[in-house]
Structures are given as structure tokens and as C-alpha cells.
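Colleague: Could you take me slowly through the surroundings of the ligand in this model, and explain each term as you come to it?

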Amino acid sequence: MQVLKNISLKTLNTFGVEASADYFVDIESEQDLQELFIDENLKNMPRLVLGGGSNMLFTKNFEGLVVHLKIQGLSAEIEGDNVFLRAGAGIVWNDLVNYCVENDYAGMENLSLIPGSVGASPVQNIGAYGVELQDIFHSCRAFEISTGKIRVFTKEDCAFSYRDSVFKSSLKGLYIITEVTFKLSKIFKPNVSYGAITEELGKRGINVPNIKQLSQVISHIRVTKLPDPTTIGNAGSFFKNPIIAESTFNKLKSQFADIVHFPAGEGYVKVSAGWLIEQCDWKGKVVGNTGTWKNQALVLVNHGHATGDEIFQFSSSIIDSVNSKFGILLEREVNII
Ligand code: EPU
């Protein structure tokens, strides 16, 4: 393990914006973390844990230590119909999904092709096409920076909610996730609740998909809707879908009858941020080096040479428009550094 100085992060964030880290280290094991934080100077420095860099926007250089998690390791334990799969934090998320699909370990196929790493997946409780990480999460191991000890977090400890967990709120910055255990199943029950899935299965003449077919359909939907970060810099959905009180929603609905929305628990409604942004005429707009994606207004893109600050300013313009038209304050899903 070697601590490097002045390292460019351009290839380590999916927006592809230029930024540098004063100090940078690759971590391959829990032991590496224990050794790293013996150094009081490094321990007290501003710190950023980086996985796949798919959910962050660098608006400036990082004046501190970037801890790049590369911990590997994969093992499955089968108990009856349950599969307990332990995966190192540095594994690429979609590699894990493919491994599960190949081995008929069911549960994460709807999360196919999400960019990012295993270690980051619980932090924001990643979700897509009717499945959230919390549905397949069993537990995780995390390194406590202040004590150097490993703590095991159960699902309850993580306090998951929509794109949120304890690692983003009360315990933010205190722990580094090193390994996640997933609870999967040998019995495949396709979750095709999402309209676009049934539509695509219909086009392919598939009635009841097998796990591979479902994963392929999900990947196809993502590819047609979302820009590929290896060619057009982006971080997926830039904002969260806002959850508002039902009473507020009803007032909006009387004014905007076709407002796209989803149930969000008793007394609340989740509104499509993509729809709100599109109604403000931002869909597919190019402004300087940035803009929104032509097929999905919720995704902000780097058209080539955008700086992080330019993308950030652009996102502020969107927030202002949506707020003045609908009285809804969009919250960024992407971490701003
Ligand atoms: N819509 C529009 N205009 C747009 C985009 C969406 O009108 O430009 C409306 C359409 O009616 C569409 C509906 O919103 O049918 C839902 O759109 P979509 O299926 O693309 O889902 P989303 O709510 O915009 C969320 C997640 C995505 C996830 C998809 C599919 C959030 C913030 N985003 O997007 O996650 O892939 O559902 O489940 O919850 C991510 O987090 O990075 C991400 C891509």
C-alpha cells in the first residue's frame, strides 16, 4: 500500500471531470485500512472514499486523502433455497450481477448495469425497476475510522430508505464499508412490475422470462434510456424523485393533470423529477459543455470538456426553474465534492 500525491481523478469519476487529490491510496484489504490510519496525520485529514466514482461530482480539487477501495473476494454459502453471497467492496457492481445471473442466484437481476461498486451500493440504497438494494441486503462489514475496528451492520442498523441509509446520514464519514453480504435465492421469481419491462418482454415474445432474459431486458432498457458513461460523462439520475405530501400533490394535480407520480407510503406521493424537468423545457438542452440527456431529463451529462462547477451551476438553474414552476425543491442525488 502506497500513499501517492497529486493524483488526477478524471478517469475515476464517471462524469469525467478534471480534479486532483492531494493524497491518494488504493486499498486492497481491511488490513490496509488498519495500517493506513495508524498515521494520525492521514487519519485527521479530510477524507473521501471512492468506489466506482459513479455518484459524485467534483467541483474542485480534493485537498485531502482519497481512499480508493479495491477490495475483492467473493464467496457463496447455500442454505436451503437461500444463497448468502459475500462480496468485497471493490467489486464492480455489474460484474457481481452478471456472476449471480450466470449462477442462477436470484434477486439482483433488476439492478443490472447500474454503474458503481459493491461497497457504495448500501450507502445510497441503489435501486431500479422495482427493486432496491435493501431487498437483497443481509449485512455488511465496515471499518470504523476512529477506532480501527470492524463492525458488522445488519439491515436494521443501516436504516435504509429511498436512496438513503445511515452511511449517508448519522454515520456519514465515520465508517468505510469493506464487504457486503447479500441474501439471494435459488428460486427465481421475476419482478416485472415495471411497465417498460412487460413492454420489452412482449416485443421479444417472452411470457415468463428466465433470469438471463430478465437481466438482458433490464440492460436493454437502461442502454436505450441512459447515456453510457464510458462515452458521455454522467452520474445517472442527478436528482432524487421528490416525495411530497398528498395534500400538496392534489393541489398540483388540479393544475397539472398529467403529472407523473408513484405511491410513496401513507400520505405521500413520489413525483417524477424527470417529468418536472422536462416540463420546464430542459430535456435534451445543451448549455455550454453540459446539458440534460435527450432520452431522460433527470440525467445531466458532460458533453466533453465540462468542469464540475459548470455542471453544478447548470443543476442550480434546473432547481430554480422547477421551484418557480411547481414549488418543489429538487434535491441532488449525486454527492457534490
Ligand atoms: N419522465 C419524463 N421525462 C423524462 C424522464 C422521465 O416524463 O425526461 C417520466 C416518464 O413518465 C417515465 C417516468 O418519468 O415513464 C419514470 O422514468 P424512468 O423510468 O426513467 O425512472 P426515473 O424515476 O426517472 C428512477 C431512478 C433510476 C432508475 C429508474 C428505473 C431515481 C432518482 N432514479 O428514475 O435510477 O434506473 O427509476 O427504475 O430514483 C439512478 O439512480 O442513477 C438511476 C438511474
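Modeller: What follows is a walk through the shell around the ligand, with the terms explained on the way.

This is a predicted model, in which local features need pLDDT of at least 70 and side-chain atom pairs count only at pLDDT 80 or more, while totals for chains, interfaces and linings use all residues. Residues are numbered from 1 along each chain as its sequence is written, and side-chain values use heavy atoms, with hydrogens and water left out.

The ligand is surrounded by 23 residues, of which the closest are Tyr129, Tyr162, Tyr194, Glu278 and Gln296; a residue is counted as near a molecule if one of its heavy atoms lies within 4 Å of it. Sorted by class, this shell holds nine nonpolar, seven polar and seven charged residues, where Ala, Val, Leu, Ile, Met, Phe, Trp, Tyr, Cys and Pro count as nonpolar, Asp, Glu, Lys and Arg as charged, and the others, Gly among them, as polar. Domain 2 (74–185) and domain 3 (233–336) each give at least three residues to the shell, the bounds of these domains coming from an automatic or database domain assignment.

Some side chains can be paired with oxygen atoms of the ligand. For Asn241, a polar side-chain atom lies 2.8 Å from such an oxygen, for Ser272 an N or O atom in the side chain is 2.9 Å from an oxygen atom of the ligand, and for Glu333 the distance from a polar side-chain atom to a ligand oxygen is 3.1 Å. On its own the ligand has 820 Å² of accessible area, and the protein covers 82% of that; accessible areas come from the Shrake-Rupley method with a 1.4 Å probe, and for residues only the protein chains shown count as cover.

Turning to the elements of the fold, those that give two or more residues to the shell are strand 8 (127–128), helix 6 (211–225), strand 13 (233–237), helix 8 (273–279) and strand 19 (296–302). Helices (H or I, at least four residues) and strands (E, at least two) are DSSP runs, numbered from the N terminus.

For another example of a side-chain pairing, consider Ser315, which lies in helix 9 (residues 308–326) and whose side chain makes a polar contact of 3.0 Å with the side chain of Arg332. A polar contact is a pair of N or O atoms within 3.5 Å; within protein, one must be able to donate a hydrogen and the other to accept it, and residues adjacent in sequence count only if both atoms are side-chain atoms.
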